[in-house]
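Me: Can you walk me through this structure? I'll ask as I go.
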Amino acid sequence: MADGTHTTFCRICEALCGLRVTVEDNRVVEVHPDHEHVATRGFSCPKGLKQARLYDSPDRVRYPMKRLGQKWLRVSWDQALEEIGARVKQLRATRGPDSLAMYVGTAAGFGVLHPVFAQGFMTGIGTKSMYASATQDCSNKFAVARELYGHPFTQPFPDLEHLECLIIVGANPVISKWSFLQVPNPGRTLQELRERGAKVIVVDPRRTETAKLADQHVFIRPNTDPFFFLSFLHELEAQGGVDRARAQAVASGVDELLALAREWPAERTAEVTQVAAPVLKQLVHAYRTAKGAALYSSTGVNMGSNGSLGFWLQEAINALSGNLDRRGGTLVGRGVIDFPAFGKKNGVLVRDDRSRIGNLPSVNDAFPGGVLADEILTPGDKQVRALFVTGGNPLITMANAGRLKKAFGELELLVTLDLFRNETGSLAHYVLPATSPLERPDLPFIFPLMLGLQKEPYLQATRALIEPDGEQRDEATIYLQLCKASGVNLFGSAFAQKLLEGLLWLNSRLFRKGRQPALPQEALLSFLLRITGQGSFDALLEHPHGRLRERHVPHDFVGQRLLTDSKKVRLDSPILLEQAKKLGADFERERQAQQRLKLITKRAVQTHNSWTHNHEDFVHDKTNHLYMHPGDAARAGLSDGALADVSTDTGTVRVPVKLLSDLMPGTVALPHGWGHQHATGLSVASKTRGVNVNLLAADGPDRIERVSGMAHLTGFDVDVKPAAGPQDPTSWSGLPPA
Ligand code: SF4
């Protein structure tokens with residue numbers, strides 16, 4: 001793009017902050033927040049403002065790379081595509097299509113064309129072996145939404161502009177920037193909410209940054225959320241907060257759920273949640289007496305051992321209290337199309353596949369990441385022999401990363417599409433260089449675009465601001481070319497394949513002489529906008545700070561867009577009721593484990609999962625820390641700065657302790673995304689000493705949640721002891737299992 005300052009938006013997290021980016025000589029020289037943006041209004045964070053420096057790194061993968069033993073060779077695109085395609089053809093013919101798998105990471109979700117073309121390639125191959133990062137942090141929401149509302153992408157969200165009471169459980173939006181809802185400036189939003197008289201309550205095992213802005217913070221013992229929600233529902237009914245006739249008009253299974261909740265009075269669950277009964281009753285009173293109220297939860301609930309039950313109960317409370325689809329309660333957004341209705345009608349993201357290992361359900365047409373190692377290591381029909389990793393780094397982000405690494409070493413073909421040769425890429429046979437967000441045109445990703453999961457709905461378009469400085473290609477183009485090289489058609493459609501190949505040829509010949517071939521991405525995005533009645537891409541560009549859409553309205557979902565057979569919220573989902581039968585045993589287990597320390601995650605504003613650690617500005621401390629309450633540290637014989645060994649039956653990591661009195665006693669916190677010492681292509685991150693918390697988390701079919709397939713990644717029991725034995729000064733990760 002020409003030199004000058006251009007508007008765009010950040011595509012690192014769900015906040016999608018509007019940015020002003022100054023370009024000189026095809027280089028980004030400055031990034032500032034866009035104060036005129038219609039929704040984000042000048043909000044941003046250090047990650048977004050420094051992203052160009054991250055992408056500019058000398059470590060950036062700029063050419064296709066092939067690994068020969070420990071050596072990396074630069075190869076041409078033709079060679080890489082031809083060799084990968086030949087291997088795909090051979091595996092498809094000899095081991096069957098399902099032997100070829102794909103892992104779709106979070107970064108893929110922040111573009112519009114990337115996930116569509118990645119899926120198109122796998123559909124073309126004819127494989128169902130899809131895996132996604134959602135099984136680490138949010139598949140429970142999709143699995144439960146499908147049961148309750150008929151499609152996984154129906155996701156009610158709090159009506160932040162009108163509610164009078166917001167109870168946030170296991171979420172820290174001030175740092176994470178909210179999730180399943182675009183709220184550009186969560187801190188200010190919460191302050192505004194309080195200024196107009198609404199009450200904000202945070203229930204969390206840590207006095208988080210969000211809790212510090214709230215009216216009230218209540219500690220809860222990690223991984224006990226379902227018991228909290230059950231008692232909440234019990235008490236809601238006891239206080240007269242459930243109008244059964246009204247509830248039965250909206251939902252099926254009202255009586256079953258209320259009967260279940262009656263078994264869990266606050267006095268009973270307090271023993272494990274450590275939320276005193278009077279406190280819980282007071283929270284219910286605040287929720288019940290507000291004119292509009294919402295319960296909202298995120299990863300603290302999602303990633304527990306019962307994330308699906310937790311979310312089910314939360315949604316049930318919002319529905320049974322009359323807050324679903326109500327002004328000031330929870331609303332269901334509208335995207336540019338009714339995507340859930342489209343998906344239900346056309347079978348998109350609602351397949352009923354079961355995993356080969358563990359017979360677990362797919363969610364959003366993807367299998368649980370927690371069985372991927374088993375799927376690779378277990379011989380037999382459909383054994384995974386090849387893996388494409390697109391926009392993700394499973395060797396840092398998935399449970400039992402140590403075992404997964406061994407499994408990846410067994411693959412006949414591992415290909416990553418990424419900006420960097422990260423831990424996963426370091427084991428790959430080929431690393432294909434992808435464009436950064438600043439190098440591609442885009443629209444807001446699928447949540448805002450297709451679901452309207454935005455506090456203030458709007459649309460925005462951005463051009464690519466710079467050209468890649470090497471041979472990077474956008475993922476849509478790469479997957480189209482991989483289809484051709486593999487002898488398959490995108491989405492199995494010869495027409496689509498030929499048409500897109502023709503567009504690629506034309507665009508590359510006419511408009512991209514001397515540059516890397518690329519699909520006309522703006523034209524494809526424009527097509528998407530036009531068929532959804534949103535005008536053209538160019539027309540949207542005329543609104544450089546975004547174009548507002550119609551605001552969300554209540555009474556727009558129940559009776560109109562609910563997709564269950566009964567047209568009611570299906571609270572009596574058989575799979576959830578079945579899962580609820582294990583709550584008694586889980587309660588007993590929690591009772592027995594009262595003295596154990598529980599480990600939770602903790603997010604920092606500088607980092608986003610495992611992405612940003614390859615820049616000095618984001619890793620000042622050069623390590624993560626095990627945060628401990630001073631009392632717990634003293635009991636364990638540890639002090640600030642001391643090295644601790646943290647163990648589970650899966651692994652042990654060694655990490656320095658930092659005292660934090662904001663933690664609930666009995667809880668320790670270890671930020672995720674660290675442990676890059678094995679990455680051969682991350683020169684900054686690999687010199688940090690942090691540890692990968694996921695070396696501690698268990699995988700395998702018996703250790704993951706049966707409804708959503710999620711691994712248990714937060715709120716699990718750990719042993720913490722002073723570090724024993726020789727202490728390696730360069731790295732404190734990777735100790736053998738205890
Ligand atoms: S909060 Fe930060 S990372 Fe997220 S979109 Fe905004 S600038 Fe980007």
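Me: At what angle do the axes of helix α12 and helix α16 cross?
Reply: Roughly 115 degrees, and the axes come within 12 Å. Here α12 is residues 254–262 and α16 is residues 307–320. Axes are lines fitted to C-alpha atoms over the stretch in contact, and angles run from 0 to 180 degrees between N-to-C directions. Helices are DSSP runs (H or I, at least four residues) and strands are E runs of at least two, numbered from the N terminus.
Me: Which residues make the contact?
Reply: On α12, V254, L257, L258 and L260. On α16, W312, A316 and L320. Contact means heavy atoms within 4.5 Å.
Me: How do they divide into nonpolar, polar and charged?
Reply: Seven are nonpolar, with no polar and no charged residues. Ala, Val, Leu, Ile, Met, Phe, Trp, Tyr, Cys and Pro count as nonpolar, Asp, Glu, Lys and Arg as charged, and the others, Gly among them, as polar.
Me: Before I go on, what sort of model is this?
Reply: This is a predicted model: local features need pLDDT of at least 70, side-chain atom pairs count only at pLDDT 80 or more, and totals for chains, interfaces and linings use all residues. Residues are numbered from 1 along each chain as its sequence is written, and side-chain values use heavy atoms, with hydrogens and water left out.
Me: New topic. Which residues are around the ligand?
Reply: C10, I12, C13, A15, L16, C17, S44, C45, K47, G48 and K177. Each has a heavy atom within 4 Å of the ligand. By class, the shell has seven nonpolar, two polar and two charged residues.
Me: Now S129. Buried or exposed?
Reply: S129 is buried, with a relative accessible area of 6%. Buried means under 20%, exposed over 50%, partly exposed in between (1.4 Å probe, protein chains only).
Me: Where is S129 found?
Reply: In the loop between α5 (113–125) and β7 (130–132). A polar atom of the S129 side chain lies 2.7 Å from the backbone oxygen of D98. S129 also touches L100, A101, M102, M122, F367 and V384, among others, not counting residues up to four places away in sequence.
Me: Last one, helix α25. Which residues are buried?
Reply: Q521, L524, L525, S526, L528 and L529, in a helix of residues 521–531. They pack against α5, α22 (446–451), β18 (458–459), α24 (494–511) and α26 (537–541).
Me: And A523?
Reply: A523 is in α25 too. A523 is partly exposed, at 46% relative accessible area.

Methods
A polar contact is a pair of N or O atoms within 3.5 Å; within protein, one must be able to donate a hydrogen and the other to accept it, and residues adjacent in sequence count only if both atoms are side-chain atoms.
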